[in-house]
Amino acid sequence: MTAAIREAATAPPQRGGHPDRAYAPYRSTALRAPSQPLVVASPSLVERTAPVFGAADVAPIDADLTQHSTGEPLGERIVVTGRVLDAAGRPVRHQLVEVWQANAAGRYRHDGDLHPAPLDPHFVGGGRCLTDDDGRYRFVTIKPGAYPWRNHHNAWRPAHIHFSLFGTAFTQRLVTQMYFPGDQLFALDPIFSSVTDEKAQQRLIARYDHDTTVAEWALGYQWDIVLDGPGATPPDPDEV
Amino acid sequence: MTGPPEPTPSQTVGPFFAFGLPFDGGGDVVPPGTAGAISLHGTVRDGNGAPVPDALLEFWQAGPDGRLPTRGGSMARDGRTFTGFARVPTDRAGDYTVRTLRPAPVAGSTEAPHLAVTVFARGLLFHLFTRVYFPNHTEANAADPLLSSLPPERAATLIAVPDGWFGGPGYRFDIRMQGAGETVFLDLTGDGAQRSSTIDGAGPA
Ligand SMILES: [Fe+2]
């Protein structure tokens, strides 16, 4: 697999550091990446606005994944926080952030997950919050475990948390994955490695932050997210 | 001066989003029995024409008044406010269904009425954008900047096909991710030229 990943890494990087949809080392792309080039279109007025979420959609407890059961989940309790920014560096305020993840043993609460690792009766693994006035989100959860998958022999995903983001325009929609620093599986993982540019890879990795760590309670990670694509209004030159 | 930040790259939604993203009634933009409700439904297929049972679709649209919703509540809908947002996973047969209202033209828009669509799936490293147009807006569709720029057989992949359903009028909108009859997918970063020109310092003023 490392040879296939190394070969695919020689392709020129995509705009914004995004993966090429037809990235061969991730086998399932073979029948799901379009064969025609994307059609360049000017975003419509619909696409220049975004779905709206509010207090009715998200309860404060939704942001604490350790509180979604009658007991404490097993694993290493962590705080994950950061800011959601647009391409001009402006905070995306009061917008929805969603996360989902495996438990500490690397098992998802999903019928399709056949990994013979234990489910945790006290961990579901889904969370939501709205960003604040500064574009900041904050989740309390447990550190997910690495898990095997069937892409190739002895394939393992590095520990990750799935993130879903909305911006101020539909064009800014993003689904991605956050990784933890120093993982030995990065270079062996075709999904992480589908981002071929090394600087862009770094933008997928959270930073351990001792100031975010809560004494006697949880380790802290910081991860800022920058949404691509045109925003609802053109960037103000004074802010760039 | 540090310049604008670089984007966070996309990663696949993976196979296990079922407990993370879908929500109850995610396809019910309007409640059952709403006057004028339509069903928008179809099948997502891969390059072999096989159904894709682990895709997630999102739709965003103006209401029948041509306005884009500006109030929260897109998941916890109150049953009265039109939120214009739907999110539906495909089922084992690759099928999805949304119940909504037809959009009216947005004031000042050059585009014909349409729904904006995002496609996520396992095996898709970066989501795809497309649009659903309606066949009855003949004149508006003919003048639409996107539809009019496409060969007719490609434009046809963006136009829903009327087919009734048990609850009233319905439209079929199939999505072919790859191969014969491939749906037109959009690059909407056009205005991104402004962004990269800022980086290069050489773009239009
Ligand atoms: Fe995962």
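Start by selecting N154(A): with a relative accessibility of 58%, N154(A) counts as exposed, because exposed means over 50%. Before you move on, keep in mind that this is a predicted model. N154(A) sits in the loop of chain A that joins β6 (147–149) to β7 (155–157). Look at the backbone here too: N154(A) is not a glycine, yet its phi is positive, about 60 degrees. Most residues other than glycine have a negative phi.

**A second backbone stop in chain A**

Now select E216(A). Which loop holds E216(A)? The one between β10 (207–208) and β11 (219–222) of chain A. E216(A) is another non-glycine residue with a positive phi, this time about 65 degrees. Is E216(A) buried or exposed? Its relative accessible area is 83%, so E216(A) is exposed.

**Chain A as a whole**

Zoom out and colour chain A by secondary structure. You should find 3 helices and 12 strands. If you draw the principal axes, the C-alpha trace of chain A spans about 50 × 45 × 35 Å along them. The radius of gyration of chain A is 19 Å, which agrees with the value near 18 Å for a compact globule of 240 residues.

Next, switch on a surface for chain A. About 10,400 Å² is exposed, and carbon and sulfur atoms supply 54% of that area. Of the 240 residues in chain A, 57% count as buried. If you display contacts with a sequence separation of 6 or more, 70% of those in chain A come from residues 24 or more positions apart. For the charges, pick out the 22 positive and 28 negative ones in chain A: their mean positions are 5 Å apart.

**Across to chain B**

Select chain B and colour it the same way. How many helices and strands does chain B have? There are 3 helices and 10 strands. Walking from the N terminus, you meet the elements in the order β-β-β-β-β-β-α-α-β-β-β-β-α. The radius of gyration of chain B is 18 Å, close to the 17 Å that the globule rule gives for 205 residues, so chain B is as compact as a globular protein of that length. Its C-alpha trace spans about 60 × 40 × 40 Å along the principal axes.

Buried residues make up 55% of the 205 in chain B. With the surface on, chain B exposes about 8,300 Å², with 54% supplied by carbon and sulfur atoms. Chain B carries 15 positive and 20 negative side chains, and the centres of these two sets lie 6 Å apart.

**A loop residue in chain B**

Centre the view on A107(B), which lies in the loop between β4 (95–100) and β5 (114–121) of chain B. A107(B) counts as exposed, at 69% relative accessibility. Which residues does A107(B) touch, leaving aside those up to four places away in sequence? They are L45(A) and G66(B), so label both of them. For a distance to try in your viewer, go from A107(B) to G33(B): the two are 74 residues apart in sequence and 28 Å apart in space, C-alpha to C-alpha.

**Last stop: where the chains meet**

Finally, show both chains and select the residues in contact: 76 from chain B and 83 from chain A. Together the two chains bury about 6,900 Å² between them, 63% of it on carbon and sulfur atoms. To finish, display Q11(B), F16(B) and F19(B) as sticks; in chain B these three lose the most area to chain A, together 12% of what that side buries.

Terms used: Residues numbered from 1 in each chain as written. Chains lettered and ligands numbered in written order. Predicted model: local features only at pLDDT ≥ 70, side-chain atom pairs only at ≥ 80, totals over all residues. Heavy atoms only, no water. Helix = DSSP H or I, 4+ residues; strand = E, 2+ residues; numbered from the N terminus. Rg over C-alpha atoms; globule rule 2.2 N^0.38 Å. Buried < 20%, exposed > 50% of the residue type's maximum accessible area, 1.4 Å probe, protein only. Contact = heavy atoms within 4.5 Å. Areas by Shrake-Rupley, 256 points an atom, 1.4 Å probe, with all protein chains shown as cover. Lys, Arg positive; Asp, Glu negative; His and termini not counted. Charge placed at Lys NZ, Arg CZ, Asp CG, Glu CD. Buried area = accessible area lost by both parts, 1.4 Å probe.
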